[in-house]
Amino acid sequence: MRKGVIFDVDGTLLDSMSIWEDAGARYLKSLGAEPEENLGKILYPMTIEEAATSGNREHIEAAFQRLGIGGYFQKIFTSSEVGVGKSNPLIYQEAAKFLGTELEETYVFEDVLYAIETAKKAGFHTVGIYDQYSARDTEKIKQEAEFYLESMEHASEILENL
C-alpha cells in the first residue's frame, strides 16, 4: 500500500536536464578555460558540490513557484543538503523519515538508472520516468523499476492504483 511518494526534480518533475547538460562546460569557457571532452557525462551522477555548482534549492523553489506547484510538496530535499549523491540512498531515507513512511510503503519516481537502482536496493518501490537524457538506459530502467512511465502525464494513473 502506498503511503508516501518521493519525486526526483531534474528530468522527472521538471524538464531541466538540458540546462545542466553543458552548464559545467559553459562555466569553464566563460573563465577562458577549455573543458574536458564529455564533461557533462562526467558530472551527470555527481552531487551539486562534486560538480562545483550551487543554488540547487533556490532553482527548484523558483521553478515550483513559477509553475504554481510548490504547495503540492511537503518538503524539498537536495543532495547538497543531505551531503551525498543518489548513489547513496540517504536522500530517499531522509525523505521517507520526514513523511513518516516505511520504505516498503514509499514510491520513488526517478529518471536515471543509478538512482532507481539505489532506491530499489534500499527497499523502496520504484517508478522509472522517461527522460531523453537517460534514453540510452531506457531498457535497463524498464527492467529495474517496478513501473515505467513515458511521461509524468500518466503518474496520476499509477498513483491511483497503488
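In strand S3, the bridge partner of Tyr 107 is His 125. This pairing belongs to a set of 4 bridges that join S2 to S3, two strands that run parallel. The connection between them passes from S2 through H7 to S3, and this β-α-β crossover is right-handed. The model described here is predicted.

S3 is covered on both of its faces: His 125, Val 127 and Ile 129 are buried on one side, and Thr 126 and Gly 128 are buried on the other. Burial thus extends to 5 of the 5 residues of S3, so the strand is largely enclosed by the rest of the structure. Pairing continues from S3 to S4 through 3 bridges, again with the strands running parallel. Within this pairing, Val 127 has Phe 147 of S4 as its bridge partner. A right-handed β-α-β unit is made by S3, helix H8 (residues 138-144) and S4.

The sheet as a whole is open and comprises 4 strands in the order S1-S2-S3-S4, with parallel pairing. Strand S1 (4-7) and strand S4 (147-149) occupy the edges; each has a single partner strand, so one side of each is left without a neighbour in the sheet. From one strand to the next, the twist averages 20°. S1 is joined by 4 bridges to strand S2 (residues 106-110), and the two run parallel. Here Val 5 stands opposite Tyr 107 in S2, the residue that is also the bridge partner of His 125 in S3.

Two helices may be considered in relation to these strands. Helix H6 (residues 90-99) lies across S1 and S2 and runs at about 140° to S1. Helix H7 (residues 113-122) packs on the sheet, where it touches S2 and strand S3 (125-129), and its direction makes about 170° with that of S3. The buried residues of H7 are Leu 113, Ala 115, Ile 116, Thr 118, Ala 119 and Ala 122. An α-helix has 3.6 residues a turn, so residues three or four places apart point the same way. The packing partners of the buried residues of H7 are H6, S2, S3 and H8. Just after H7, Gly 123 takes a positive phi of about 110°.

Glu 110 lies in strand S2. The residue is buried, with a relative accessible area of 1%. When neighbours within four places in sequence are left aside, the contacts of Glu 110 include Val 127, Gly 128 and Ile 129, three residues that are buried in S3. Glu 110 is also in contact with Ala 115 and Ile 116, both buried in H7. The remaining contacts of Glu 110 are with Asp 8, Thr 12, Lys 86 and Tyr 92.

At the level of the whole chain, there are 9 helices and 4 strands. Their order along the sequence follows the pattern β-α-α-α-α-α-α-β-α-β-α-β-α. Of the 162 residues, 39% count as buried. Among contacts between residues at least 6 apart in sequence, 50% join residues at least 24 apart. The accessible surface of the chain comes to about 9,500 Å², and 49% of this area belongs to carbon and sulfur atoms.

Key. Residues are numbered from 1 along each chain as its sequence is written. This is a predicted model: local features need pLDDT of at least 70, side-chain atom pairs count only at pLDDT 80 or more; totals for chains, interfaces and linings use all residues. Side-chain values use heavy atoms; hydrogens and water are left out. Two strands pair if DSSP finds at least two bridges between them. Axes are lines fitted to C-alpha atoms, for helices over the stretch in contact, and angles run from 0 to 180 degrees between N-to-C directions. Contact means heavy atoms within 4.5 Å. Buried means under 20% relative accessible area, exposed over 50%, partly exposed in between (1.4 Å probe, protein chains only). Accessible areas come from the Shrake-Rupley method with a 1.4 Å probe; for residues, only the protein chains shown count as cover. A crossover is right-handed if, with the strands pointing away from the viewer, the path from the first strand over the helix to the second runs clockwise.
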